[in-house]
Each structure stands twice: as C-alpha cells, then as structure tokens.
Amino acid sequence: MSNTILELIQQYGYLFLYCAFSLGPFGIPIPNEITIITGAILSHSGLINAWLTYFSILTGLLTAMTMFYLAGKLFGIPLKNRIQHKKYYKKAEHILKKKGDMAICIGMFIPVVRYFVPLLIGLSGTHYRKFALITYSTALLWTLLFFTAGTFFGQTILTLLSYLF
C-alpha cells in the first residue's frame, strides 16, 4: 500500500493526499486511517515532507467535512424529508440530540461516520461557528493522533491492518 501511495504522491504531488481525504467519501476506496498512517511512515522515513503531508491530509478532511455540513444546510428540508423515516437516520438523530457535542466528537473517530456527522449537524440547523469549533478541533485531534501513531508505530499498525482488510 505504501508503494502505491508513494507513486501517487510522486505523480500528483501532495494534491493526491488532499484529494484522498476531501473526495474519499465520494468514491476513492482508500481508508483514511491507512492513508494517514502511510503518509506518516513515508514522511518519517524522509521520502516526503512531513509538514506538507500533514497539512494536505488535514485540509482535505476539513474540506470534506465542510462539504457535508453545507450539503445538510443547503439541501436540508428536501434531504431530511427523504431520509427522516429511515431507521439509521432516526437513531443517529436521537444520539445527536441526546449526547450532543460528545456524540459529534466520538463520531469523528469512527470510519464512514465521520463524514455523515457533519451532514447531520447541517440538517439539524446548527450554526457554522459551533460546527467548526467542534468538528475542526476534533479533526485536528484525530489527524494528530493517527499521524503521530503512524510516525512511531506505522509499520506495526499497517501489518495489523493488513490482517483485517
């Protein structure tokens, strides 16, 4: 996996990492956790710049979360009318109302869910300032955690992930 990501970075530059995170929810089939850990391993080994790698990953993630939030805000009523009777939407909305900000923070650490939490926040009518404060700070924490883990324990983590996927 790291060779493939390195080849893509060499071909497209750090734009690949940005796109992998910002467009990932729309069909790029590389899990964020693997991409960030691989980016950390490659930057730790000196093959790519650590700061540019981290910045590309963080801004890509923030872009994706903001797009989902805006989709919830802009298409809120028609979208909510289409999905409000779905079992998973009702459950997610209930958790968001009951647990509030903590549910948002925890949701950001769960694959796939991290992209739909901002959509739900947008659908709920939450103001952008609150959305940005909670989700951006949680995204910063999430990316720092995984980038640091990838830097120090990357090869071990990738070996464990290879058994899972």
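The legends below describe close-up views of one predicted protein model.

Residues are numbered from 1 along each chain as its sequence is written. Because the model is predicted, local features need pLDDT of at least 70 and side-chain atom pairs count only at pLDDT 80 or more, while totals for chains, interfaces and linings use all residues; side-chain values use heavy atoms, with hydrogens and water left out.

**Figure 1. The whole protein has 9 helices and 0 strands.** Helices (H or I, at least four residues) and strands (E, at least two) are DSSP runs, numbered from the N terminus. Read from that end, the order of elements is α-α-α-α-α-α-α-α-α. Of the 165 residues, 42% count as buried. Buried means under 20% relative accessible area, exposed means over 50%, and partly exposed lies in between (1.4 Å probe, protein chains only). The protein exposes about 9700 Å², and carbon and sulfur atoms supply 69% of this area. Accessible areas come from the Shrake-Rupley method with a 1.4 Å probe; for residues, only the protein chains shown count as cover. A contact is a case of heavy atoms within 4.5 Å. Among contacts with a separation of 6 or more, 79% join residues that are 24 or more positions apart.

**Figure 2. Ring pairs link Tyr-69, Tyr-128, Phe-131 and Tyr-136 into a cluster.** Rings of Phe, Tyr and Trp (its six-membered ring) pair if their centres lie within 6.5 Å; planes under 30 degrees apart count as stacked, over 60 as edge-to-face and the rest as tilted. By this rule the protein has 8 aromatic pairs. One of them is the stacked pair of Tyr-69 and Phe-131, with 4.1 Å centre to centre and 10° between the planes. Tyr-69 belongs to helix H4 (residues 50-74) and Phe-131 to helix H9 (residues 128-164), so this pair ties together parts that are 62 residues apart in sequence. Both Tyr-69 and Phe-131 are buried. Phe-131 also pairs with Tyr-136, this time edge-to-face, at 5.6 Å centre to centre and 70° between the planes. Phe-131 has a relative accessible area of 1%, whereas Tyr-136 has 22% and counts as partly exposed.

**Figure 3. The largest nonpolar core holds 36 residues.** A nonpolar core is a set of buried Ala, Val, Leu, Ile, Met, Phe, Trp, Tyr and Cys residues joined through side-chain atoms within 4.5 Å. Within this core, Phe-21, Ile-36, Leu-61 and Met-65 touch the most other members. The elements giving two or more residues to the core are helix H1 (2-12), helix H2 (15-22), helix H3 (32-44), H4, helix H8 (113-123) and H9. H4 gives the most, with 9 residues. In soluble globular proteins, nonpolar side chains tend to be buried together. Not counting residues up to four places away in sequence, Phe-21 touches Asn-32, Thr-35, Ile-36, Ile-57, Gly-60, Leu-61, Ala-64, Tyr-115 and Trp-142.

**Figure 4. Two buried residues, Glu-33 and Ser-56, are shown with their contacts.** Glu-33 is found in helix H3 and has a relative accessible area of 14%. Leaving aside neighbours within four places in sequence, Glu-33 is in contact with Pro-111, Arg-114, Trp-142 and Phe-146. Ser-56 is found in helix H4 and has a relative accessible area of 7%. With neighbours set aside in this way, Ser-56 is in contact with Tyr-14, Leu-17 and Tyr-18.

**Figure 5. Helix H8 is mostly covered, with 9 of its 11 residues buried.** The buried residues of H8 include Arg-114, Tyr-115, Val-117 and Pro-118. Val-117 has a relative accessible area of 8%. Apart from neighbours within four places in sequence, Val-117 is in contact with Ile-104, Gly-107 and Met-108. The C-alpha atoms of Val-117 and Gly-72 are separated by 10.0 Å, and the two residues are 45 residues apart along the chain. Just after H8, Gly-125 takes a positive phi of about 85°.

**Figure 6. Met-102, Ile-106, Ile-110 and Val-113 form a nonpolar patch on the surface.** Patches are made of residues with over 30% relative accessible area and no salt bridge; like charges are joined within 9 Å, and nonpolar side chains (Val, Leu, Ile, Met, Phe, Trp, Tyr) within 5 Å. A salt bridge is a side-chain nitrogen of Lys or Arg within 4 Å of a carboxyl oxygen of Asp or Glu. Together the four residues of the patch have about 350 Å² of accessible area. Ile-106 lies in helix H7 (residues 101-107) and is partly exposed, with a relative accessible area of 49%.
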